[in-house]
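Visitor: I am new to this structure and would like a close look at a single part of it. Could you take me through the charged side chains, and then show me what lies around them?

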Amino acid sequence: MEPSNNNLLGKKPTVYSDYLSLYDQYGALAYGVILQIIPNEQLAQEVLVSLFSSASLQGCNENVVNKTICIIRNARAKAVEYKSKYASSTSPPINEGQVSEDTLPKLVFELSFKQGLKPEVIAEKLNITRERVLKAFNEYFKLFR
């Protein structure tokens, strides 16, 4: 019986090279997304390494059309997971006086994107209706069109 010479000749497994290729192409993008959620550079780098060593990225490599979106979603999910798991402090309470109609769309987006809160939780936190939260999302995205 001959031993497998997968690693004997210095060849890297295909999966490893796939992840390395994804990292080369999308590492900076993923790191930027992670830094928006976790501003601590050291922890953000740990999340980045965890992201590109996880099996969840295998689907991104197979889905050529939406690879960038897949990477962003996975980076955000991993960062939110780490933030909720390792955050030493919770988010500061929101003072209702600080929330104006001008700042509401950005605040709603940040609560959703950076903290991973659902629209119902945001509505409860801000003491507004779920419909108003969804409208604020819409207003925020209109700024980028």
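Guide: What follows is a walk through the salt bridges, then a charged residue without one, and then the nonpolar parts. Please keep in mind that this is a predicted model.

The structure holds three salt bridges, and side chains of opposite charge can pair in this way when their charged atoms come close. One of them joins Glu 110 to Lys 106, with 3.9 Å between the closest N and O atoms, and this pair falls within the 4 Å cut-off that defines a salt bridge. Glu 110 and Lys 106 are four residues apart in helix α5, so about one helical turn separates them. Glu 110 is partly exposed, with a relative accessible area of 28%, and Lys 106 is partly exposed as well, at 48%.

Another salt bridge brings together the side chains of Glu 120 and Arg 130, at 2.6 Å from N to O. This pair links distant parts of the chain, since Glu 120 belongs to helix α6 (residues 119–126) and Arg 130 to helix α7, 10 residues apart. Glu 120 has a relative accessible area of 41% and is partly exposed, while Arg 130, at 36% relative accessibility, also counts as partly exposed.

In the remaining pair, the side chains of Glu 139 and Arg 132 meet at 3.4 Å, N to O. Here Glu 139 is partly exposed, with a relative accessible area of 25%, whereas Arg 132, at 15% relative accessibility, counts as buried, because buried means under 20%.

Lys 78, which lies in helix α4 (residues 67–86), is buried yet has no salt bridge, and the nearest side chain of opposite charge, that of Glu 81, is 4.6 Å away. Leaving out residues up to four places away in sequence, Lys 78 touches Val 47, Ser 50, Leu 51 and Ser 54.

Leu 51 leads on to the largest nonpolar core, which has 25 residues and counts Leu 51 among those with the most contacts inside it, together with others including Leu 22, Phe 52, Leu 57 and Ile 71. The elements giving two or more residues to this core are α1 (14–37), α2 (41–52), α4 and α5 (104–113), and α1 gives the most, with eight residues. A second, separate core of 10 residues includes Leu 111, Ile 122, Leu 126 and Val 133.

On the surface, finally, Phe 141, Leu 143 and Phe 144 form a nonpolar patch with about 370 Å² of accessible area together; Phe 141 is placed in helix α7 (residues 130–142) and is partly exposed, with a relative accessible area of 40%.

Key: Residues are numbered from 1 along each chain as its sequence is written. This is a predicted model: local features need pLDDT of at least 70, side-chain atom pairs count only at pLDDT 80 or more; totals for chains, interfaces and linings use all residues. Side-chain values use heavy atoms; hydrogens and water are left out. Patches are made of residues with over 30% relative accessible area and no salt bridge: like charges are joined within 9 Å, nonpolar side chains (Val, Leu, Ile, Met, Phe, Trp, Tyr) within 5 Å. Accessible areas come from the Shrake-Rupley method with a 1.4 Å probe; for residues, only the protein chains shown count as cover. Buried means under 20% relative accessible area, exposed over 50%, partly exposed in between (1.4 Å probe, protein chains only). Lys and Arg count as positive and Asp and Glu as negative; His and the chain ends are not counted. Contact means heavy atoms within 4.5 Å. A nonpolar core is a set of buried Ala, Val, Leu, Ile, Met, Phe, Trp, Tyr and Cys residues joined through side-chain atoms within 4.5 Å.
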